[in-house]
Amino acid sequence: MLGTKVLVSGAGIAGPALAYWLARYGADVTVVESAPALRTGGQLVDIRGVARQVIAEAGLTEPIRAARTGADGLSFVDSAGRRLASMGVAGFGGDGPVTEIEILRGVLSEIFHEATRDVADYVFGDHISGIRQRPDGVCVDFAHRPGQSFDLVVGADGLHSGVRSLVFAPEQTRLRHLDTYLSFWTADNTPGLRDWTEVYSEPGRTLGARAIRDNSAVMAFFSFRSAPFVFDHRDLGALKAVVRSRAAGMGWHAERLVAQLDDAPDFYFDSCSQVQLPHWSVGRVGLVGDAAFCASPLSGHGTSIALVGAYVLAGELARAGGDVVAGLRAYEHRLRPWITRIQGFGQGNGAMMTPRTALGIEFRRRAVQAMGLLPGGSLLLRDQVRMSNGFPLPGYSAFEVARSGERP
Ligand SMILES: Cc1cc2nc3c(=O)[nH]c(=O)nc-3n(C[C@H](O)[C@H](O)[C@H](O)COP(=O)(O)OP(=O)(O)OC[C@H]3O[C@@H](n4cnc5c(N)ncnc54)[C@H](O)[C@@H]3O)c2cc1C
C-alpha cells in the first residue's frame, strides 16, 4: 500500500498502533487528535492473549514490559480490610483476571506514539467535521484546518467516536449500556498495598485500589450499578460529585480514597457500554478499537482487542494492495467472530465486578476461593484464557516495505 493516504482519527491506543503498522506497509499516515496533546490519562489496562503476540511482532515487548506495573494478585476484602479470597497472577499463564502485562494506559499510548512520531504526521487540537465519499477517495473537512482528500479514513476515536457518528445512521450507533458506571483516579497508597490489588464491595457498588508506581500510589476505582443517565464528559466536577454521592457511607478505605478525588489530575469516568455495529466500515471509511467494537472495561479486553484490531486492519489493507474497500471487508470478516465472543464475555462481568446483592458478593467470594483449591487454579477460568488466545494471528510481514532512513 505504498503511498496510500490514510487519515486516522484519534491518538489513544488503537490510533497510534494502527499508524505503526500502516507505516510499516508503506502508507502515508496522518493522525488527527481532538485533544491539544497526547492524552496520557487513564489507569491500568491489560495486554492479554493474542495482543501479546502483536506487541512481540511490533518489537515493542521490551519497552512495554519495562513499563508495566508489578501487580502480583488481587484480594476481595471486608469492610475492616480482612482478605476474604485471593488470586495471584500465576496459574493462568499470565492471562487470568490479574494479567502479567498491566500497564498505565497513558504509558502505552506514549510508547506507540513515540514509535510512530517520525513515520506519521500527528495533528493535535483538531477533529474531522465533515466526510464526503467519492468512488476514488474521501474528502475530509476539519474544524480548524483546510480540507484534504485521503484514500482511506479510519475512526480510532474511542467509545464516543466522531467518525462513527458522521458515517453511520443514529439508530445503528446506539450504545449497549451494561448498567454499570466506572471511574478511576490516582490516590495515596493509604491501604498500604504492595504490588497487590484489594477490592471491597457492598450491594451495587465496588471500590478498589491497585498499587502503582512502585507502591508509592494506588489506582483507585469505583463502580456502581445504575440504569443509564445522561452526563457531560467534560464536566469533571459534576462527575466527581456523582462518585462522591454514590460512594457515600461505604466502609474500608472509602473515606480517604474518595476524599482525594478533588486533587486527582487523571480522573476518568464513563459508562460501561458496548459498541455493536452492523458493519465496521462504510465505503472508504472504517473504524477500529472502541469506536468499532468497544467491549467495555468489564471485558478486561478493551486494549487487547484495540491492538489486535489495528494489526489486522493494517495487515488486511496491505494484503488488498490499493483496494481499501476490500481490505476493510477482509479485516471485519476475519476479526468479528472473535470480537463477538469477547463482547459476550464482557456482558456477563458486571455481576462479578459489582454484585447487586449481598448474596452475589458472597457467591463471588466462594467462587474465587474455589479457584484457589482447584488443580492448577485455572479450571474455572480456562474458557476465558482460551478466548483471549482464541484468534489465530495472521502474518503480514511479507507486506512490509523498507523506507530509507526510517525505522518504525
Ligand atoms: C483519557 C482516557 C482514559 C482512559 N482510561 C481508561 C482506564 O483507566 N481503564 C480502561 O479500561 N480504559 C480506559 N480508557 C479506555 C481505553 O483506552 C480503551 O478502551 C482501549 O484502550 C481502546 O483504545 P482506543 O484507542 O480505541 O480508544 P481511546 O483510548 O478511548 O482513544 C480514543 C482517542 O480518540 C480521541 N478522540 C475522541 N474523539 C475524537 C474526535 N472527534 N476527533 C479526534 N480524536 C478524538 C480521544 O481524545 C482519544 O485520544 C481510557 C480512555 C481515555 C481516552
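Guide: One term is needed before we begin: contact means heavy atoms within 4.5 Å. The model in front of us is predicted.

Visitor: What covers the buried residues of α2?

Guide: Helix α2 runs over residues 50-57, and its buried residues are Val50, Ala51, Arg52, Val54 and Ile55. The elements that cover these buried residues include α1 (14-24), α3 (61-67), α4 (105-116), α9 (302-319), α10 (324-347) and α13 (382-388).

Visitor: Which residue takes a positive phi just after α2?

Guide: Helix α2 covers residues 50-57, so we look just beyond that stretch of the chain, relying on the way helices are taken as DSSP runs. There the phi angle is positive, at about 75 degrees, and the residue is Gly59.

Visitor: How far is the sulfur of Cys272 from the closest cysteine sulfur?

Guide: Cys272 is buried, with a relative accessibility of 1%, and Cys294 is buried as well, with a relative accessible area of 5%. Being buried does not settle the matter, because a disulfide needs two cysteine sulfur atoms within 2.5 Å, and a search of the whole structure finds zero disulfides. The closest cysteine sulfur to that of Cys272 belongs to Cys294, and it is too far for a bond, at 8.6 Å.

Visitor: Which side chain of opposite charge is nearest to Arg284?

Guide: Arg284 sits in the loop between β17 (281-282) and β18 (285-287), and among the residues it touches are Gln133, Pro135, Leu152 and Val324. Although Arg284 is buried, it has no salt bridge. A salt bridge would need a nitrogen and a carboxyl oxygen within 4 Å, whereas the nearest side chain of opposite charge is 4.7 Å away and belongs to Asp151.

Visitor: At what distance does the side chain of Arg284 reach the backbone oxygen of Asp151?

Guide: The side chain of Asp151 is 4.7 Å from Arg284, and the two form no salt bridge. The backbone of Asp151 is another matter, since a polar contact asks for N or O atoms within 3.5 Å. The side chain of Arg284 reaches the backbone oxygen of Asp151 at 2.8 Å.

Visitor: What is the distance between the closest N and O atoms of Glu362 and Arg365?

Guide: Both residues lie in helix α12 (residues 358-373), three residues apart, which is about one turn of the helix. Glu362 is partly exposed, with a relative accessible area of 26%. The two residues form a salt bridge whose closest N and O atoms are apart by 2.6 Å.

Visitor: In the salt bridge between Asp78 and Arg82, is Arg82 buried or exposed?

Guide: The closest N and O atoms of this pair are 2.9 Å apart. Asp78 counts as buried at 17% relative accessibility, because the cut-off is under 20%. Arg82, with a relative accessible area of 55%, is exposed.

Visitor: How many salt bridges does the structure hold?

Guide: One of them joins Arg234 and Asp232 at 3.2 Å, N to O, with Arg234 exposed and Asp232 partly exposed. Elsewhere, Glu316, Arg319 and Arg334 are linked in a network of salt bridges. For the structure, the number of salt bridges is 17.

Visitor: Over which residues is the pLDDT below 50?

Guide: The mean pLDDT of the protein chain is 91, and 93% of its residues reach 70 or more. One stretch has six contacts in the model beyond near neighbours in sequence, yet its pLDDT is below 50: residues 404-408.

Definitions and conventions:
Residues numbered from 1 in each chain as written. Predicted model: local features only at pLDDT ≥ 70, side-chain atom pairs only at ≥ 80, totals over all residues. Heavy atoms only, no water. Helix = DSSP H or I, 4+ residues; strand = E, 2+ residues; numbered from the N terminus. Buried < 20%, exposed > 50% of the residue type's maximum accessible area, 1.4 Å probe, protein only. Lys, Arg positive; Asp, Glu negative; His and termini not counted. Polar contact = N/O pair within 3.5 Å; in protein donor to acceptor, adjacent residues only side chain to side chain. pLDDT = per-residue confidence, 0-100. Lists of a residue's contacts leave out its neighbours within four places in sequence.
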